[in-house]
Structures are given as structure tokens and as C-alpha cells.
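Me: Got this one open and I'd like to talk through how it packs. Mind going over it with me?

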Amino acid sequence: MGSFAAILLAVFIMIMRRSNLLRPTYIWVATTLMGMGLLDGFHAALEPGVAFVWLHSIATLIGGLTFALVVLPERVSRNPILQTAPYVMATLSVVLGISSIVFTQWIPNMASSGTFTLTAELLNIVGGAGFLIAWFHFAWRARIDDREERLLLANHCLLFGMAGILFHFSILWDATWWLWHVLRLFAYLVILWFFLSLYNRNAKQLHLSKKVIDNTSEAIVVTDPQGKILDINDAYAQITGYERHELIGGNPNISKSGIHDDRFYQDMWRQLLSTGHWSGEIWDRRKRGEIFPKRLTINAIRDDRGNTTHYVGIFNDISEKKSDEEKLKNLAFYDPLTALPNRALFREHLEEITSTAQRSRKQAALMFIDLDGFKDVNDSLGHAAGDSLLKQVAQRLHARARKSDIVARLGGDEFGVLVRDLEHPEQIGSLAEKMLELIRSPVTVGEQEVRIAASIGIAVYPDDAQTVDDLYKNADIAMYQAKNSGRNNYTFFLPAMNTKAVERLSLIHDLHNAVEENAFELYFQPKIGLKDQRLIGSEALMRWPKPGGKPIPTEQFIPCAEETGLIVPMGDWVLAEACRQTRQWNQRFGTQLRVAVNLSIRQLYKKNVVLDLLRILEEQAFPTRLLELEITESLLMDDTLVTIPILKQLRDHGISIALDDFGTGYSSLNYLKRFPIDIIKIDRSFIGDLSTGSDEAAIVRAIISLARTLNIKVVAEGVETAAQLDFLRQHQCDEAQGYFVGRPLPAAEYEALIARP
Ligand SMILES: Nc1nc2c(ncn2[C@@H]2O[C@H](COP(=O)(O)O[C@H]3[C@@H](O)[C@H](n4cnc5c(=O)[nH]c(N)nc54)O[C@@H]3COP(=O)(O)O)[C@@H](O)[C@H]2O)c(=O)[nH]1
């Protein structure tokens, strides 16, 4: 019965081995058991007698020797010749078993006169010793790993080993005969238990692995060496869109996208065959036709002899990752508002274009476009309006450029256009003209129509600069030149501009420092009432003294402060200081002197401008009725929808609004009645020649008379002579200001003037 069980077990083990449920070393155990079982079983086909002893004895010898081989160090037992040992032993067992039945006469007599022969004893002792060595090996190894498994094997070997040692006594008494049989039976049962528990454990593990594979989010496919699909997991079906039955037996190339050429797949197979591994990104096609990227790893599964038995492919759908990467790339290289390339990408293009232009000997041009008045739109209509304006300008520029040109947003209200393959620099001039025209045409922002302009600077490669940095710098310089020469135009870079640009940069730098260090001074230019020629107040004028040098002219630093926006903090300081000083004088001298302060467009377009101005007045305890704010004609006309309500509010609080440089701008007397203006300051260019019959005299007379009808006060600027003053008094001009009346004076000197009786 034991031997029958052993043969069954051996077959069972072989099956388990084939389905990879057992580790390779158990093939030794399986073949040994089969050999022993066969030999033990063959004795059933023989007459009771000596053959029994012979078959049992060689079964013990073969079993013991085979098990003993297990103890050999792995590097020895891996020897190909030794690998065949279990098969040799099993074959030997079959041959010996059959020949023992056929040639019974050859079976050596192994028992006589109630004892075993020496040969029989030796066969059993050697076999038993082999088992005991294996027992010791398994018991020892059980301390290190796979404790339960090895202990069962150890017990099995111990039982067979004891049976071998007890063999000598089995013939002596019935009890030892039974004991010998029971030991061998138990040995078979222990090994049966061992394999059953092993099978159970492995089956559970396999089940678990299958579950893990099926539930993993990565797609897994198993193929045979020829690439035929043997199995897939759920994720594979889900990602590819194919049903399981559509794939099993087929080839994974069913999902080929057609994006990769044959060479790609040939390289993949070459690497797979040589290294057993391939990993990379590949585009495949889902069942419904959609192409998707995946990160694929293929591994070859090899048997003990190194032959590939399967390929396992594992992949992730990386569409999302790819789109995230794309988004990141967009963030890094594209402006999110306008979707145009940003400064970084523009620079890359510039570098690439300049290098190709170098090779092809063609020219390339860089245009820097800076919007004029954008900040004012932003400040007055809000950032959403500013954004909408930028988007529309971007669209217009993009639509106008050629496909080969690059239009980019370089930051804020600054755009760049890169024109490649320039045949003649003149063609860039007409492009700039068209761009200016596009920017100039009205833009609808929300409910409102806005008009802006731009200044364009152009630098040509390689004529104007040989490096990208220099090209940038020179286009920038040209752009500032365009701004300085009146805006809304374009300027080509000229080498002479470089010096001016350096001066300008140094002025901006110094201006920043001056604002931080509060390095400005306030001068006061007296104004008199023409009726009684008494001092009625002053115009506060900013001065920037240079330590150890000449003061920096206002015409130089005021425009620069306007451009950089520094005029806002500077203007706030002027207002506060003018009010503080005038209040002090009024308190000290019991006067009601007024003060006029220039208001820049930047200040006017500042958010909360009214509240900020009122706060400053309150802080300085200065009455609003004594303050005049001077604005220029062009500022008033720039965006009447914005400026008029602000001026009205200021006026409602008692502040007078004076229209400065009157006559130099739009000069339409018609608008005067519509706008909230209290004072007109006739520009000094009209005061120069007031001789009888001159045009200027006629204009001045007309202005005074119109202002009277509109109930607007008139101040004449730039009065330099007594004759001019007389003329103005005769024609009932209200007030006068100019060098004849008094030059702009430092506070102390102006104070002396007030104190004069
Ligand atoms: N936003 C601000 N602008 C300011 C401020 N301070 C000055 N300015 C503006 O700078 C421009 C030049 O001003 P400035 O050099 O101070 O010249 C003023 C006077 O000195 C000059 N003036 C006065 N009388 C005469 C004269 O008889 N002849 C003559 N040739 N020049 C004279 O005129 C300037 C004042 O002009 P206006 O402002 O138009 O009344 C100038 O535009 C200033 O506005 C500031 O704090 N903020």
C-alpha cells in the first residue's frame, strides 16, 4: 500500500512540477519516491521469499543514495551530470524491478537460516545512512528557512533511515518486522502529508498571485516564446478595450498603432532576445481606434536551462502623465493668458534662428513691441480689462505674422516678434507699420471701446548684433527710442542709441535710489492776482539736486519717472510736502495762500486716487479749497470716460482743477464747458509775443474772454516782462506766474517773499 501511495505521489509531484507549483529540487524527491515505490511495489508480483528482501534493500539503497545527493553543495549538485542522477536512479529502479521479476534466478539470496546476508545488511545500512545524512541536512536547514517544509522532509528521511538501520532486526522478531513496516509506511505517509500541504500552500499562493495580478492597475500579458497570448489580466482588457477571449491565442501586435516603424520593433526584439528585458515608451491603439502612450516592460521568463518559456509584458497607460507633461511644458514655455510662446521659448527660437541664419547667411529681425498706455487701462478699468486687451492684441499680432515668424509675450505689456529669413531689412519696416495699425484700431473691452498704441524697437541680426543677448538689448534700446520720440511708432536700432540707452539706464537706477532716499526738494514758484498784484499762492515744482553737481533737469527725470511709474510715490510726496509747507506758512503768517501741484497721468489712473489724495490732505490738515491740481490737456483728453468722473469727485471735495499748458494740445475751446475745470493756465508759448496785432495776443484775448463766459479762472504762465504783465492785466487775466513775478524758489526763499510786507 505504501509503495502504491509512493508511486501515486511521485506522479502527482511530477504534475505539480510541470505546472511550476514545486521548486526544482523536489524533482529529486519525486523521482526517488517513484523509484522506491516501484521497487517496493514490484515485490507484490513475486513469490514471497528472497526477492522481497532484495527489492526492499535496493529500494532503500537507491532512495538513501539519492536523498544523500541533496546534501551536496548547490554548486556541485547543479552539475549537469548530477542533475540526471534522479532520472538515472529511477530508470535503474525500473530496470532492476522488471529484471528481478523476469530473472528471479539472478536475484541474490539475501536471507538464510533466519538472518540476512551481509550484502543485504550492507545495502540497508548504506541506504539508511544516506537517509540519515539527508535527515541531518533537512533538520539543519529547517533552522534557516522554510521550517515546516524541511522538518517534514527531515522526518521522512529519519523514518526511512531508521527502517534501514532496523533492517537487521526485522527478521528476528515479529515486533521488529512490524516496526520496520510501520516505519516505512509512516515515511510514505509523512511525505504524502508534506506534498499535500505544499500543494495546498502553493495553490493558495497561486490563487493570491492571480488575484493580485487581476487587481493590479498595470496591464499584464503573458505570451509563449512565439508571442502567442496565453493570459492577460483585467487591467489589460480594460486599457486596450478588448475582451479576454479576443486576445487569448492572439498576438499583442493587434494593438499596434502604426506610429513606430519596423525598425523600432526589430530593435525591441533584438534587445529582448539578447538581454531578456525591454523597457520603454510605446504608442498603441485601443480597440476603438484611439492611440495612447504606454510605458511597457517586457521580461523573458526562462527555465532552469535558460530557455525562454514565456514573455511577460507589463504596462501603464501614461496618457494622463503625458498630458500633464504637456501641460507643464506649456506652463514652462507658453504664456497662460495669451497662449503665445513666453520669453524662455522665444529665446530658444531666437537662438535656433540666429544659428540657422548664420549658416544660410540670411538675416533675421527682432521686434520689441511695448504697448503705450496699457498700464493706465489696467489701473483704471481693472485687471480683467487689461487681460482682455492683451489677449486681443496677441491675437491680432499672431494673425498678422507669417507662419515662420514667432510672436511671443515677453511679459507685462511687452511682445516680441521674430522674423526669420529676412530678405531686406526694409520689409520689417512695413511689417512694423502694419502691427502698429493693428494695435491702434479700437479694442472692445467689456462694454467699453479702448484705444491704445505701441512703440516698436527693431534690431536686425547679424548687422546690429551677433549674439542673442546683444540683439535683445539693442531691440530694447530701439524700443525706448521709439517711445521717447513720441510713441506710436517704430525705430530701427542705431549704434548711437547705445550711449543714450546706457545713460537712461543709469538715470533710472539713480532715480530709484533718490526715491528711496527721499532726495528731492520742493521749489515754490509765486503766483500773483493781477487785480492787486498780491501774492495769492505758488506752484510746487520738484527739484532733484545732485550732491556736488548741477541739479538734474526736470525735463530729464520727470518723463523717466513717468515711464517707470516712480512718479506715483514721487507725486504723493510732492502733494504731502506742498500741503504741509503751505499750511505752516498760512498758520504762521495768517494768510490763505493756495498751492498748485502737478498731477501725472500715472497718479490719476491709480486705483483709489481720490481717496488717497484726500487722505494726504487730511494727514497734512490742509483745506481742499486751497489746493489746485494741475493736469495737462492731453491727460484730460486721453480717456475722458475715466478722467472726468475722477476730476468731478475731486472737485466735489472742493479741490480746484487747473488745465495746464492750455493751447498746446487739442485746443478745442468747445470741450471746456463739458469738463470739470476751474482754472486755465495759458501756455507760456502764447505769452512770449503779446505785442499789438500778434496772433498770440489775439489768442490770449480770446481765451480770456471765453473763460470769463464759462466762469473759469485764467492764469498766464511764463510771464517774463512787465509788458506781458500789463497786457494780461488790461485784458482781465486773473493771475500770473513767471520769472517776472518770481522764479521757482526753495522753501526758505519763498517764505521770505511771503514775509515781505
Ligand atoms: N507730475 C509732476 N510734474 C512736475 C513736477 N514738478 C515739475 N513738473 C513738470 O516738469 C516740467 C518742467 O518743470 P520745471 O522745470 O519745474 O519748469 C517749470 C518752471 O520752472 C517753468 N517756468 C515758470 N515760469 C517760467 C518762465 O517765465 N519762463 C520759462 N521759460 N519757464 C518758466 O515752467 C514749468 C512749470 O510749468 P507748468 O507745470 O506747466 O506750470 C513741467 O511740465 C512741470 O509740470 C511735479 O512735482 N510733478
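Reply: Sure. One definition before the helices: axes are lines fitted to C-alpha atoms, for helices over the stretch in contact, and angles run from 0 to 180 degrees between N-to-C directions. Also, this is a predicted model.

Me: OK, so at what angle do α7 and α8 pack, and how far apart are their axes?

Reply: The angle is about 160 degrees and the axes are 7 Å apart. Here α7 covers residues 118-141 and α8 covers 147-170.

Me: Parallel or antiparallel, then?

Reply: Angles over 145 degrees count as roughly antiparallel, so α7 and α8 are roughly antiparallel to each other. Their crossing is left-handed.

Me: Which residues make that contact?

Reply: On the α7 side they include I125, F131, L132, W135 and F138. From α8 you get, among them, L153, L158, F160, I165 and F167. Two of the glycines in the contact are G128 of α7 and G164 of α8.

Me: And how do the residues of the contact divide between nonpolar, polar and charged?

Reply: 15 nonpolar, six polar and three charged.

Me: Switching to sheets. What's the strand order in the one with β3 to β7?

Reply: β4-β3-β7-β6-β5, an open sheet of five strands with antiparallel pairing. Its edge strands are β4 (229-232) and β5 (277-285), each pairing on one side only. On average, neighbouring strands in this sheet are turned by 25 degrees against each other, ignoring direction.

Me: How many bridges join β5 to β6?

Reply: Nine, with the two strands running antiparallel. If you want a register point, H277 has N299 in β6 as its bridge partner.

Me: Which helix packs on that sheet?

Reply: Helix α12, residues 262-275, which touches β5 and β6. The direction of α12 makes about 150 degrees with that of β5.

Me: What about β7, how does it pair with β6 and β3?

Reply: β6 and β7 are antiparallel over nine bridges, and L296 is partnered with F315 in β7. Strand β3 (219-223) pairs with β7 (308-317) over five bridges, in the antiparallel sense too. There, T223 stands opposite Y311.

Me: Now the sheet with β8 in it. Which strands are at its edges?

Reply: β9 (406-411) and β14 (490-492). The order is β9-β10-β8-β13-β14, an open sheet of five strands with mixed pairing. Neighbouring strands are turned by 20 degrees against each other on average, direction ignored.

Me: In what sense do β8 and β13 pair, and over how many bridges?

Reply: β8 (363-372) and β13 (453-461) pair antiparallel, over nine bridges. L371 is matched with A454 in β13.

Me: Which strands do α16 and α17 touch when they pack on this sheet?

Reply: Helix α16 (383-400) touches β8, β9 and β10, and its direction makes about 155 degrees with that of β9. Helix α17 (426-440) touches β8, β10, β13 and β14, at about 160 degrees to the direction of β13.

Me: Last topic, the ligand. How many residues surround it, and which are closest?

Reply: 24 residues surround the ligand, and the closest are M542, T554, N598, G738 and Y739. The elements giving two or more residues to the shell are β16 (535-543), α20 (554-564), α21 (567-589) and β19 (656-662).

Me: How do the residues of that shell divide?

Reply: Seven nonpolar, eight polar and nine charged.

Conventions:
Residues are numbered from 1 along each chain as its sequence is written. This is a predicted model: local features need pLDDT of at least 70, side-chain atom pairs count only at pLDDT 80 or more; totals for chains, interfaces and linings use all residues. Helices (H or I, at least four residues) and strands (E, at least two) are DSSP runs, numbered from the N terminus. Angles under 35 degrees count as roughly parallel, over 145 as roughly antiparallel, 65 to 115 as roughly perpendicular and the rest as oblique. A crossing is left-handed if the near helix is turned anticlockwise from the far one by less than a right angle, and right-handed if clockwise. Two residues are in contact if their C-beta atoms, placed from the backbone, lie within 7 Å. Ala, Val, Leu, Ile, Met, Phe, Trp, Tyr, Cys and Pro count as nonpolar, Asp, Glu, Lys and Arg as charged, and the others, Gly among them, as polar. Two strands pair if DSSP finds at least two bridges between them. A residue is near a molecule or strand if its C-beta atom, placed from the backbone, lies within 6 Å of it.
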